[in-house]
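Reader: I am in my first year and would like a close look at a single part of this structure. Please pick one helix and explain how it fits with what surrounds it.

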Amino acid sequence: MLKWIKKLLEPLVDQTELKIKELFRFLFEDYGFSFVKVDLGDLVDQNGKLLFYGPLNAYQLYNDRLCINIVNLVQRGDFDIYITKKQSTDQHYIFHGLSLPHLAYDLPLFASQIKSELLNSKTIFGKDI
């Protein structure tokens, strides 16, 4: 009985976070990137009007020159990718970055494209690292 209660109290493992950390490990190990997961709250427009209840999670891979934001509106299962100049918790700043929605649902492809571009030109979608 106590084991069952203990299991209930354990935090859930975020499978998306684990997948991102594994796919982009080369950024951490070879290029000195850092990782943070932030809860951006509810999805709101420029005026603060509620568009959709959160959590709105941003999985951020960043260094001092750019940030890759993999954004997940958890309730809907929606994903988007934005590349910004810096790491931020301001969802409006993030959403004005370079948008890559066509890659949001194929993270292995996204990771391989980044890896290939880094090997060839030391950039990520044209942005210096």
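**Helix 5 and its surroundings**

Author: Along the sequence, the chain runs through the pattern α-α-α-β-β-β-β-β-β-α-β-α-β-β. That comes to five helices and nine strands. The model is a predicted one. Its C-alpha atoms fill a box of roughly 55 × 40 × 25 Å along the principal axes, and buried residues make up 36% of the 129 residues in the chain. Of the contacts with a separation of 6 or more, 42% are between residues 24 or more positions apart.

The part to look at is helix 5. This helix has 15 residues, and the distance from its first C-alpha to its last is 21 Å, close to the 21 Å expected at 1.5 Å a residue.

Which residues of helix 5 are buried? They are Leu107, Phe110, Ala111, Ile114, Glu117 and Leu118. These residues lie on the same side of helix 5, because they cover an arc of only 130° around the axis. The general background is that an α-helix has 3.6 residues a turn, so residues three or four places apart point the same way. The face turned away from the buried side of helix 5 carries the exposed residues Leu119 and Asn120. Just after helix 5, Lys122 takes a positive phi of about 60°.

Next comes what lies over the buried side. The cover of the buried residues of helix 5 includes helix 2 (15-23), helix 3, strand 5, strand 6 and strand 8 (123-124).

Helix 5 also takes part in the largest nonpolar core, which has 23 residues. Within this core, the residues with the most contacts are Phe24, Leu27, Ile68 and Ile70. The elements that give two or more residues to the core are helix 3 (25-31), strand 4 (56-62), strand 5 (67-73), strand 6 and helix 5. Helix 5 gives the most, with five residues. Another core, of nine residues, lies apart from this one, and among its members are Val38, Leu43, Ala58 and Val71. As a general point, nonpolar side chains in soluble globular proteins tend to be buried together.

Ile70 shows how one core residue meets others. Leaving aside neighbours within four places in sequence, Ile70 is in contact with Ile20, Phe24, Asn57, Ala58, Tyr59, Leu61, Phe79, Asp80, Ile81 and Leu107. Leu107 in that list is also one of the buried residues of helix 5.

The aromatic rings come next. There are six aromatic pairs in the whole structure. In one of them, the rings of Phe79 and Tyr105 have centres 6.0 Å apart and planes at 85°, so this pair is edge-to-face. Phe79 is in strand 6 (residues 78-84), and Tyr105 is in the loop between strand 7 (98-99) and helix 5 (107-121), so the pair ties together parts that are 26 residues apart in sequence. Are these two residues buried or exposed? Phe79 counts as buried, at 18% relative accessibility, whereas Tyr105 is exposed, with a relative accessible area of 56%.

Ring pairs also link Phe24, Phe26, Phe110 and Phe125 into a cluster. Phe110 is one of the buried residues of helix 5, and Phe24 is among the residues with the most contacts inside the largest nonpolar core.

Elsewhere in the chain, two rings have a charge over them. The charged end of Arg76 sits over the ring of Phe52, 5.2 Å from its centre. The charged end of Lys86 sits over the ring of Tyr93, 5.6 Å from its centre.

Key:
Residues are numbered from 1 along each chain as its sequence is written. This is a predicted model: local features need pLDDT of at least 70, side-chain atom pairs count only at pLDDT 80 or more; totals for chains, interfaces and linings use all residues. Side-chain values use heavy atoms; hydrogens and water are left out. Rings of Phe, Tyr and Trp (its six-membered ring) pair if their centres lie within 6.5 Å; planes under 30 degrees apart count as stacked, over 60 as edge-to-face and the rest as tilted. Helices (H or I, at least four residues) and strands (E, at least two) are DSSP runs, numbered from the N terminus. Buried means under 20% relative accessible area, exposed over 50%, partly exposed in between (1.4 Å probe, protein chains only). A charge sits over a ring if NZ of Lys or CZ of Arg is within 6 Å of the ring centre and within 35 degrees of the ring normal. A nonpolar core is a set of buried Ala, Val, Leu, Ile, Met, Phe, Trp, Tyr and Cys residues joined through side-chain atoms within 4.5 Å. Contact means heavy atoms within 4.5 Å. The expected span of a helix is 1.5 Å times one less than its number of residues. The arc is that of the directions from the helix axis to the C-beta atoms.
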